[in-house]
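Me: I would like to learn how to read a model like this one, feature by feature. Where should I begin?

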Amino acid sequence: MAAGKKEQQRLIRHRAAGQKLVSQKLVGQKLIKSKIRLIALDLDGTTLDREGNLTRENRLALEEAAGKGIYVVVASGRALSTLPKEVMELACVSYAITSNGAAICSMPDQVLLRRYLIPGEAVDRVVALADAYFAEYTGGQRLNYEVFVDGTAYAQADYVADAMKFGGTENEKKYVLESRRPVEDIHAFIRQHRRELDSMDLIIHDPEKKELMWELLKQQVPGIYITSSVPRLLEISGKECGKWSGIRHLLEILGLSPEEVITFGDARNDLDMIQGAGIGVAMSNAHPALKENADYITDSNDESGVARALRELGII
C-alpha cells in the first residue's frame with residue numbers, strides 16, 4: 001500500500017489479543033459509502049466456504065449490491081471453465097477475471113474482452129528450469145503441471161485420476177478430478193500448445209522449495225507474472241497479468257476510478273488488488289501479507305465475511 005494511503009487511513013476497532021481480528025478503516029477520515037461502484041471478489045477462501053459453496057448470506061449481499069447498480073466482478077485464479085456453476089449462474093455477476101488476469105469475460109454471455117498468453121519462449125524456459133530443479137531435490141521425481149488453454153484446465157492423466165497419490169488432500173483430489181481434463185503426456189501437450197497458454201501451475205508441496213523455485217523463475221525467466229493462491233501451487237501467467245491489471249482494464253471500459261472499487265481476497269494472488277483498490281478487504285483466514293496491506297479485515301469465508309463487510313462498510 002502506498003505511504004500516502006496508509007497515512008490517510010487508520011484502524012479504529014479490533015478485538016482483544018488472542019481473538020479474531022476484525023478491523024475497520026477510515027477513508028479520508030470517514031467512510032464514503034456512495035463512492036463504491038464495483039466489487040471484485042476472489043472465490044476460493046473468500047466468497048466460497050471451505051466446501052467450495054457460495055453461502056446464502058454472500059449471495060443475497062451480492063444480489064443486493066447489484067440491485068443498487070454496483071458492478072459485481074469475479075476475480076479468480078481459476079480458469080473460466082472451472083468456475084463453480086452456482087457462481088456462473090448468478091445474474092448479478094457482470095464480469096469474470098480468470099486465470100489471475102489472463103482473461104476477462106463479460107457475464108453471463110462469456111464474451112472475451114481481453115486475453116494475455118505466456119510467450120512460448122518463456123514457457124520453454126519455465127519447464128526446463130522447473131523440471132531440472134524438481135528432479136534435483138526429489139531424486140528424479142516428476143513435477144506435475146496444470147496448464148490452461150482458452151479457459152480450460154489440463155493436467156497429467158494419473159494426477160487427475162488421484163491427486164492424493166501426488167501429495168494432494170481429499171478436497172484437492174475432488175477438485176482436480178472435477179475441473180481438469182486429463183492428457184497422457186503433459187510435457188508433449190505443453191510443447192504442442194506452448195504459444196497458447198493462458199497460464200500454468202507448478203505443483204510443489206514443499207513450501208521452502210516452492211519459494212526457491214519462485215525466486216529462480218523470477219530471476220531467470222523474463223516476460224512472466226508469478227503468484228500463488230494456495231500453498232501447493234506456483235502460478236505463472238504473462239507479465240501483463242494480475243487481478244488488479246484485469247480490474248484496471250474494466251475500470252477503463254466502465255469509466256470508473258480505483259477509489260470506486262472494493263476488493264476481497266485471502267491469498268497472495270489477491271495482494272495487488274487489495275493494494276490497488278479504494279478499499280481492500282482481507283478475510284480473517286487470509287495470508288498475513290494481505291492482512292498487513294488490507295484496509296479492513298472481515299470474518300472468514302466460512303462466516304460469510306464478504307456479506308458482513310459490505311454491510312458494515314455501508315456498501316449495501
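Reply: Begin with the elements: helices, of at least four residues, and strands, of at least two, are DSSP runs numbered from the N terminus. This is a predicted model, and its protein chain has 13 helices and 14 strands.

Me: How many of the residues in the protein chain are buried?

Reply: Buried means under 20% relative accessible area. Of the 316 residues in the protein chain, 56% are buried. As for contacts with a separation of 6 or more, 59% are between residues 24 or more positions apart.

Me: What span should helix 5 have?

Reply: The expected span is 1.5 Å times one less than the number of residues. Helix 5 runs over residues 120–138, 19 residues, so 27 Å is expected; its end C-alpha atoms are 27 Å apart, in agreement. Just after helix 5, Gly139 has a positive phi of about 75°.

Me: Which residues of helix 5 are buried, and what covers them?

Reply: The buried residues include Val123, Val126, Val127, Leu129, Tyr133 and Phe134. Their cover includes strand 6 (144–149), helix 8 (186–192), strand 9 (197–203) and helix 9 (207–220). Strand 10 (224–227) and strand 11 (233–238) are also part of the cover.

Me: And the surface: which residues form a nonpolar patch there?

Reply: A patch takes residues with over 30% relative accessible area. Val111, Leu113 and Ile253 form one, with about 230 Å² of accessible area together. Leu113, in strand 5 (residues 112–115), is partly exposed at 34%. Over the protein chain, about 13,800 Å² is exposed, 50% of it supplied by carbon and sulfur atoms.

Terms used. Residues numbered from 1 in each chain as written. Predicted model: local features only at pLDDT ≥ 70, side-chain atom pairs only at ≥ 80, totals over all residues. Heavy atoms only, no water. Buried < 20%, exposed > 50% of the residue type's maximum accessible area, 1.4 Å probe, protein only. Contact = heavy atoms within 4.5 Å. Areas by Shrake-Rupley, 256 points an atom, 1.4 Å probe, with all protein chains shown as cover. Patch = residues over 30% accessible without salt bridge, like charges linked within 9 Å, V, L, I, M, F, W, Y side chains within 5 Å. Salt bridge = Lys/Arg side-chain N within 4 Å of Asp/Glu carboxyl O.
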